[in-house]
Amino acid sequence: MTLAVMALPVCAQPAAPRPAGTGETIEPIKITMPGSSLDEVLALLERWTGKTLLKPQSLPPASLTLVIKDPGVTKKEAIQAVETLLNLNGIAVTPLGDRFLKITPLNTAKSEAPEFIEGSTLDLTPSGRTVSKLFTLQFLRVSEFMPQIAGLLNPAAGSPPVIFDKVNAALITDSVSNLQRIETLVVRLDQPALAGLTPKFYQLSSGAKASDVVNKLRTILSGLNQLGSTTTYNADDRTNQIVLVSDPRQYAFFDELIAKLDVKSDPNTRNEVIYLKHATAKEVATVLSQLVSGQNTAAKATQTEQPNRRFQSPMPPAAIPAPTPVVAVASLGLTIDNSNQFSTLLTILPEERTNSILVSGTVDDIRLINDLVAKIDILLAQVRIEVVIAEITLSDNATSGISALGLQIDGNRLVGFSGEGAGIIVTNGVITSPGIVGTGPHDLAAEISLATTPRKNNATILSVPNIVTTHNKEARIFVGESRPVISSYLNDNTSTGTAAGIGGYRSTVGQQEIGIELKVKPLIGADGSVQLEITQNVDDVLGEIIIDGNPQPRIGKRETESFVSARTGQIIVLGGLQRSSKTKSTSRLGPIPIIGDLLGLRQREDTRTDLVFFLRPTVLTNTPADNAPALRQIEQFPQEPRDRVQQAIGSKSGS
């Protein structure tokens, strides 16, 4: 069959009759339609079918060409060819009963009640005749399947398929040949997702636990993708069975693998004492117990969880690819190595007296616990923190103690002084100490002495403590006093007049710390950096207050929290804890009290002070260099005490 545009009239000549398969004679037709008009083609179709054509006043103009040179084409086949040609040119032929055919534009054919196919379209002769069919799906979801086949439908047919979600069906109007393609796909794809899969139950009889064997299988098969996504195996500990859902062609592989795992073996449990060198037994045992408990809980949840998989387009049984030939476990190189999961037999207990943990479990459990303990039980880094607490008296034009001392601060770190003093040189904001190169850092109080004993004489060092702590371990410094305060009163009517029960009440006295408290928690980095969480508390007695006839101190509080990062050896400066106080004084001019006070000189004085904290963290290296600052301080002692200390240190190091 060839198509060519030619301006010739329609010619349809009968050929020699040929017998049909049922004994009837089918009249063959030879067709020549080169560039015929639509009306000419419709007239020919009306003559061949013997039906009356019903058409609207206007149809899309078309010049149709159809040349069939084969003289053996029957009238039925010719009608099929003409209907298909009209469909290709946007014209739909819709049967209306036994006597009429409706001729409409293709995009409106759906609303013209086309022929409805009840049975299968696969029994019809393929053609371009417009018909409708209701497709009801059994396993696929119609709302998911129809968008996937939208590209197969004729775009000129108008609106898309009508979907009925509640009955999982869709009404499609298109040509017979297109509906045949769609029906072929539905027959092949509308299959259950587990098509070709059957379950198999393995009853374990040699003492192995089903969940343990399944865990081993998951470890062994974790890298194999040839099993397919539909293959599942799960444990039923109630019956001690393994339930396998797989293609029967994979049974032999699992038969051999499970048989090798279902063997009788001893529990292989033992006890071991692990002595700790640096960590605390109770803390390590708690961490390990939480880890084991969490892993076992997750493993149980994984075993009981059944994923709900639904495949939109499963392959038919005949198209399932053949699995990889079953090979013996040994030839696959699958060695059943030790598991990385804890067993349910594992028990961990702390033994605080010897700082050790007692472990009872399988060989794998002991191995895993030893590995974890080796990573946890390590010596934490230590840091020495030198502290200088100074109180600065502020002048009227000074805003803080840091500015009053002329300190140069960069991100809470001391980089220099605004001025010069004997024994120290400030160069580009860097503090250097001439003449002591190579001897390590100086005592912190000595390095800042120029700023705290300045020309203005406005600074006083209150305390110079040193503390040593480890990584993530809080250290505390307190400078002050502890005062007795009455915390409660107890009615004591049974008093016999002793001092404790005077007035019928007995007092409970507690201790109140009043002073300067500094808390430091360091986080030490491997590169020598130190992050310090610093809490400063300052309590001052502002006066007294009478409560139930008893004088009690009135305490003022100042508190700050800081988080500072520095490198080892850098000096950190923190200030801002200011306090204001007012004082009055009178000088008498005579011996008479009242007259002398009235005539004497009166003075009022407002004083502001600020507490400045200097901190220098030094990360310890567990080498003799850590003791260099202390040894330099000993060198400053007078000769007699210096010799005694050095002698004591030497005897201890020698022993």
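Strands 17 and 18 run antiparallel to each other in this predicted model. Strand 17 covers residues 347-351, and its pairing with strand 18 extends over five bridges. One contact to look for is P350, whose bridge partner in strand 18 is I357. The two strands make a hairpin with four residues between them. Within this hairpin, N355 takes a positive phi near 50°.

Strand 18 has a second neighbour as well. Strand 16, made up of residues 269-275, pairs with strand 18 in the antiparallel sense, this time over seven bridges. Here T269 sits opposite T362 of strand 18. Strand 18 itself spans residues 356-362, and five of its seven residues are buried, so the rest of the structure largely encloses this strand. As a general point, side chains in a regular strand alternate between the two faces of the sheet.

Next come the charged pairs. Side chains of opposite charge can pair when their charged atoms come close. A search through the whole structure turns up eleven salt bridges. Among them is the one between R249 and D247, with an N to O distance of 2.8 Å. The two partners are not covered alike: R249 is partly exposed at 39% relative accessible area, whereas D247 is buried at 11%, under the 20% cut-off.

R483 and E481 form another salt bridge through their side chains, at 3.2 Å from N to O. In this pair R483 has a relative accessible area of 30%, which makes it partly exposed, and E481 is also partly exposed, with a value of 39%.

A further salt bridge joins the side chains of D539 and K557, with 3.0 Å between N and O. D539 belongs to strand 28 (residues 529-547) and K557 to strand 29, so this pair ties together parts that lie 18 residues apart in sequence. How buried or exposed are the two ends? D539 is buried, with a relative accessible area of 12%, while K557 is exposed, at 58%. Besides these pairs, R476, E513 and E517 are linked to one another in a network of salt bridges.

Strand 29 turns up again on the surface. This strand takes in residues 550-567, and E561 is found in it. E561 is exposed, with a relative accessible area of 64%. Together with E474, E533 and E559, E561 gathers in a surface patch of negative charge. Residues in such a patch have no salt bridge, so the four glutamates named here stand apart from the paired side chains described above.

A nonpolar patch is also present on the surface. Which residues form this nonpolar patch? The members are F116, L134, V162, F164 and V167, and together they have about 410 Å² of accessible area. F164 lies in strand 11, a stretch that runs over residues 162-164. At 36% relative accessible area, F164 is partly exposed. That value is over the 30% needed for a residue to count towards a patch, so F164 qualifies on this point.

Definitions and conventions: Residues numbered from 1 in each chain as written. Predicted model: local features only at pLDDT ≥ 70, side-chain atom pairs only at ≥ 80, totals over all residues. Heavy atoms only, no water. Patch = residues over 30% accessible without salt bridge, like charges linked within 9 Å, V, L, I, M, F, W, Y side chains within 5 Å. Areas by Shrake-Rupley, 256 points an atom, 1.4 Å probe, with all protein chains shown as cover. Buried < 20%, exposed > 50% of the residue type's maximum accessible area, 1.4 Å probe, protein only. Lys, Arg positive; Asp, Glu negative; His and termini not counted. Charge placed at Lys NZ, Arg CZ, Asp CG, Glu CD. Pairing = 2+ DSSP bridges.
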